Each structure stands twice: as structure tokens, then as C-alpha cells.
Amino acid sequence: MASVVLAALSALVLVGAIHNSSRMSKNIDTLQRMELEWSSCEQAVLMLRNGSDLLTNSVYAFATTREAQYLYDYWEEAAVTKSRDAAYDALTRLELPPDELQLARDALDMSDSLLADETWAMRMICESLHMTPDEMPEAVASYPLSREDASLTPTVQQHQAITFLYGPD
């Protein structure tokens, strides 16, 4: 009789261990999936930030140094690489809550809204350097300056562009 009770008890312990092991395995799988999603999210956010930083740093460097390579770097990122857009697309594939995805959309929209103003500043610098449209990225060459902006001296054009980018002081 004792051996039957022990056998039944052993069977119950074994069933319990298997059940707990199965539950633990599912929990581990869930945790691993969450860690992978978190890592993917972090990478996408960093890509969005780095793309935005590259644009900002390139336009600042172009305005400050007047080296055309910075102008081309800016437009390589904005028009070809598009890491900010790729980052947002990656975030949309994750199972983010809608409010968190909206924060990423807002960040991308804010970054995009700077493009037109930064293009104006780059066009002003290009004009001040007497660059021909063929020497400018297409987006800059096709940006129309007002008559007033076009008639300014190169020094004033540079000053206005730099003042816009860096602020009045």
C-alpha cells in the first residue's frame, strides 16, 4: 500500500514538474521575444536619432566651413539612405502600443519639417559661394529664393543662414 501511495505521489510530483517546466519554457520564450523586440526597438530609435543628427551636423558643418562635402552628405542621408524613414518602418513592424508609435511618428515629422528650412539655409550658403545649380544637390538647386534673399550680398546671405541655424547669438 505504501508503495502505491509513493508511486502515486511520485507521479503527481512528476506531472507537476512537467507542467511547471512547460510553463517556465513558455515564460522564457515570452521573455526572449520581449527582449528581442526591445532590442529591435532600441536599434530603430537609435537609427532615427542618428539619421536626424547626421542631417543637423551636416547642415551646421556646411554653413560653418562652407565645404560642399557636408552639403552632399546631408542630401545623401535625406534622399538616398533615408535611415530615419527606415527606422520608422522598422518600428511599425514591432508590436508597439499606438501612443508609442505616434511618438516616433512625431519625431520623424519634426525632423522632416526642418528639411525645408535647412534647404533654404543651404541655398543661401550656396548662393553666397556663387555655386551653380549643377554643383548643388537637386533639392537645393530647385529651392526658390525670394527676390529679397537673392539680392542680398554673399556676406549677408551667409549671416542670415547661420543666424537661422544657430540662433541670433
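Biologist: How do the residues of the lining of the largest pocket divide into nonpolar, polar and charged?

Modeller: The split is 8 nonpolar, no polar and 1 charged. Bear in mind that this is a predicted model.

Biologist: Which residues line the largest pocket?

Modeller: The lining is made up of Cys41, Val45, Leu48, Leu91, Leu96, Glu100, Leu103, Ala104 and Ala107. Glutamate counts as charged, so Glu100 is the charged member of this lining. The pocket has a volume of about 160 Å³.

Biologist: Which helix gives the largest share of the lining?

Modeller: Helix α4 does, with 4 residues. Helices α1 (2-65) and α4 each supply at least two.

Biologist: Let me step back to the whole chain. How many helices and strands does the chain have?

Modeller: There are 7 helices and 0 strands. Along the sequence the pattern reads α-α-α-α-α-α-α. Of the 169 residues, 27% count as buried. Now take contacts between residues at least 6 apart in sequence: 68% of them join residues at least 24 apart.

Biologist: Back to α4. Is serine 111 buried or exposed?

Modeller: Start with the cut-off: buried means under 20% relative accessible area. Serine 111 has 10%, so it is buried. Its place is in helix α4 (residues 98-128).

Biologist: What does serine 111 touch?

Modeller: Leave out residues up to four places away in sequence, and serine 111 touches Ser52, Leu55 and Arg84. With arginine 84 there is also a polar contact of 2.8 Å, side chain to side chain.

Biologist: What should helix α2 span, and what do its end C-alpha atoms show?

Modeller: Use 1.5 Å a residue. Helix α2 (residues 68-81) has 14 residues, so it should span 20 Å. The end C-alpha atoms are 18 Å apart, which agrees.

Biologist: Which residues in α2 are buried?

Modeller: Leu71, Tyr74, Trp75, Glu77 and Ala78 are. Note that Glu77 is on that list.

Biologist: What follows α2?

Modeller: Lysine 82 does. This lysine lies in the loop between α2 and α3 (83-93). Check its phi: near 50 degrees, a positive value in a residue other than glycine. For exposure, the partly exposed class sits between the 20% and 50% cut-offs. Lysine 82 is at 38%, so it counts as partly exposed.

Biologist: Where is histidine 130, and what is its phi?

Modeller: Look in the loop between α4 and α5 (138-141). Phi of histidine 130 is near 60 degrees, again a positive value in a residue other than glycine. Exposed means over 50%. At 61% relative accessibility, histidine 130 therefore counts as exposed.

Biologist: How far apart are arginine 66 and isoleucine 125, in sequence and in space?

Modeller: Read both separations. In sequence they are 59 residues apart. In space they are 7.4 Å apart, C-alpha to C-alpha. Arginine 66 lies in the loop between α1 and α2.

Biologist: What else does arginine 66 touch besides Ile125?

Modeller: Not counting residues up to four places away in sequence, it touches Ala61, Leu129, Gln158 and Ile162 as well. The side chain of arginine 66 makes a polar contact of 2.6 Å with the side chain of glutamine 158.

Biologist: What exposure class does arginine 66 fall in?

Modeller: Apply the cut-offs once more. Arginine 66 is at 28% relative accessibility, so it counts as partly exposed.

Note on methods: Residues are numbered from 1 along each chain as its sequence is written. This is a predicted model: local features need pLDDT of at least 70, side-chain atom pairs count only at pLDDT 80 or more; totals for chains, interfaces and linings use all residues. Side-chain values use heavy atoms; hydrogens and water are left out. Buried means under 20% relative accessible area, exposed over 50%, partly exposed in between (1.4 Å probe, protein chains only). A polar contact is a pair of N or O atoms within 3.5 Å; within protein, one must be able to donate a hydrogen and the other to accept it, and residues adjacent in sequence count only if both atoms are side-chain atoms. Contact means heavy atoms within 4.5 Å. On a 1 Å grid over the protein atoms alone, a cavity is a set of points where a 1.4 Å probe fits but cannot get out, and a pocket is an open set with protein on both sides within 12 Å along at least five of seven lines; lining residues have an atom within 4 Å of a point. Grid points are joined across faces, edges and corners, and a volume is the space filled by probe spheres set on the points. The expected span of a helix is 1.5 Å times one less than its number of residues.
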